[in-house]
Amino acid sequence: MKKKSLIILGIGIAFLFTTLKVEAATNPYKPQSSFGVNCTWYAWDQVYNKLGIALPGWGNANTWLDYAKKAGFEVGMTPRNKSIAVWKWSSYGHVAYVERTTGDKIYIWDSAGPCIDYEDPELKTCIANGVSEETDRACVEKYGKKVGCEYPATYWSEPGDLIGYIYLDKIPTQVTNPSSNKNTTPKKSNNANLETLTLTNIDFLFSKEKDKYEIVVENEIDKTTVNAASQHKAAKIEGLGEYNLNIGVNTLNIVVTAEDGTKKTYTIEIKRKDNNAYLKELTIWNVDFVLDKEILEYEVNVPNEVNSIKIEGLAESGLAKIEGLKEYELQEGINTIQIKITAEDDTEKVYTININREANQKKSEHTKKENHFLIYSLIGGGIIFITVGCVFILRIRKRNKSKKIKK
């Protein structure tokens, strides 16, 4: 059972330091014993590194709750974020740092060893590409981020050996050090880390260890709001609030100032995509042409002797792509040419140019003459045909009439 193993690790790992003088930011406990990592050293170290609070030496683990209460710390039996859990295991007791609680879960940093965040994207990708247990271990060693271990909150209290929790959200001005019977003022925290950092309308993965981010968003996202919370309650945060996003790169700086004046800057570069799909220039060689970027369709007439044209142009945005700029052969009549502009965010505009190449005049005149001759020929032929037909009919009638008279 995990708890039994922790008991074994906890036995004998806390010692009473009655002659140890506490210095600011100096851990009053030994890190190791013959049983492994000292829980008192480990819990003190977690509190200092995560909250910037330098606790005095409070002796064995099972005496921490009483000394903390006498020093003015709030204590209780309900787990809270940023607190110390105290148990009465063996004659020495056991302590661990409670990072946070969520519903019925508790996340603890214990001397038995922190857990690994197997949901971290980099670690998951590395393991997914691995081929053996050896490569998986290498992935954990390289990308495995240590996190507090998750347990049911009741797991730590059901056996009945939980003494209580020391709450660290309200620190007394002066903390009594029982080893010297003197009051020591806790050292101001140098913790300038953020606990959370979010942007409205924009999804990105925040990591406490990373202080610079590069994000690309679509053009329709024209503003965002920065929200953040610091790891240490005394730290101050500048740079929160709403930002208007211009097209291109927008640099947002979130500055965290620790209690002791230490500063840390988180930089977020948000690139808003360009949606400009307009033409800036359009030139048609050998043709007088004036571009109006808002007009997408044009009618252009060229004489018959212009049998080809070349089209050149520029987009208003240097990030846009243009298709259709080249040389074209022209047929007589309407030639439809399309110039397509695609903006960085995939917005599209199509400029259509209908070029009417006039017909060949000499050929037209010759064709007209041929047509006239054909028409006149048809008319003349028709007249002759009608005339012959009429003569033929008259003769037939005259012959029939003659036959009737003879009878």
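## Charges over a ring

A charge is taken to sit over a ring if NZ of Lys or CZ of Arg is within 6 Å of the ring centre and within 35 degrees of the ring normal. In this predicted model, the charged end of lysine 293 meets that description with respect to tyrosine 278, sitting over the ring at 4.9 Å from its centre. Lysine 349 also lies over the face of tyrosine 278, with a distance of 4.6 Å to the ring centre.

## The chain as a whole

The chain holds six helices and 26 strands, and of its 407 residues 37% are buried. Its accessible surface comes to about 24,200 Å², with 51% of that area belonging to carbon and sulfur atoms. When contacts between residues at least 6 apart in sequence are considered, 60% of them join residues that are at least 24 apart.

## Aromatic pairs and a ring cluster

Over the whole structure, a search finds eight aromatic pairs. One of them joins tryptophan 58 and tryptophan 64, whose ring centres are 5.8 Å apart and whose planes stand at 85°, so the pair is edge-to-face. Tryptophan 58 has a relative accessible area of 0% and is therefore buried, and tryptophan 64, at 1% relative accessibility, counts as buried as well.

Tryptophan 58 also pairs with phenylalanine 73, the ring centres being 5.4 Å apart and the planes at 85°, so that this pair too is edge-to-face. The pair links distant parts of the chain, since tryptophan 58 is in the loop between helix H2 (39-51) and helix H3 (64-70), while phenylalanine 73 is in the loop between H3 and strand E3 (74-76), 15 residues apart. Both tryptophan 58 and phenylalanine 73 are buried. Ring pairs link Tyr29, Trp58, Trp64 and Phe73 into a cluster.

## Salt bridges

Side chains of opposite charge can pair when their charged atoms come close. In the whole structure, a search finds 12 salt bridges. One of these joins lysine 340 to glutamate 348, with the closest N and O atoms 3.3 Å apart. Lysine 340 counts as partly exposed at 26% relative accessibility, and glutamate 348 counts as partly exposed at 47%. Elsewhere, salt bridges that share partners join Glu74, Arg80 and Asp169 into one network.

Within that network, the side chains of arginine 80 and glutamate 74 meet in a salt bridge with an N to O distance of 2.9 Å. Arginine 80 has a relative accessible area of 29% and is partly exposed, as is glutamate 74, for which the value is 34%.

The side chains of lysine 145 and aspartate 120 form a further salt bridge, at 3.3 Å from N to O. This pair links distant parts of the chain: lysine 145 is in the loop between helix H5 (133-143) and strand E8 (146-147), whereas aspartate 120 is in the loop between E7 and H4, and the two are 25 residues apart. The partners fall into separate accessibility classes, because lysine 145 at 28% relative accessibility counts as partly exposed, while aspartate 120 has a relative accessible area of 6% and is buried; the cut-off for buried is under 20%.

## Residues in loops

Serine 207 has its place in the loop between strand E13 (194-199) and strand E14 (212-217). With a relative accessible area of 13%, serine 207 is buried, and, leaving aside its neighbours within four places in sequence, its contacts are with Lys145 and Tyr213. Lys145 is also the lysine that meets aspartate 120 in a salt bridge.

Tyrosine 118 is found in the loop between strand E7 (115-116) and helix H4 (121-128), and with a relative accessible area of 46% it is partly exposed. Not counting residues up to four places away in sequence, tyrosine 118 touches Leu123, Lys124, Ile127 and Val140. The C-alpha atoms of tyrosine 118 and lysine 146 are separated by 9.6 Å, although these residues are 28 apart along the chain. Lysine 88, in the loop between strand E4 (83-87) and strand E5 (94-102), counts as partly exposed at 49% relative accessibility. From lysine 88 to threonine 63 the distance is 8.8 Å, C-alpha to C-alpha, with their positions 25 residues apart in sequence as a separation.

Notes
Residues are numbered from 1 along each chain as its sequence is written. This is a predicted model: local features need pLDDT of at least 70, side-chain atom pairs count only at pLDDT 80 or more; totals for chains, interfaces and linings use all residues. Side-chain values use heavy atoms; hydrogens and water are left out. Helices (H or I, at least four residues) and strands (E, at least two) are DSSP runs, numbered from the N terminus. Buried means under 20% relative accessible area, exposed over 50%, partly exposed in between (1.4 Å probe, protein chains only). Contact means heavy atoms within 4.5 Å. Accessible areas come from the Shrake-Rupley method with a 1.4 Å probe; for residues, only the protein chains shown count as cover. Rings of Phe, Tyr and Trp (its six-membered ring) pair if their centres lie within 6.5 Å; planes under 30 degrees apart count as stacked, over 60 as edge-to-face and the rest as tilted. A salt bridge is a side-chain nitrogen of Lys or Arg within 4 Å of a carboxyl oxygen of Asp or Glu.
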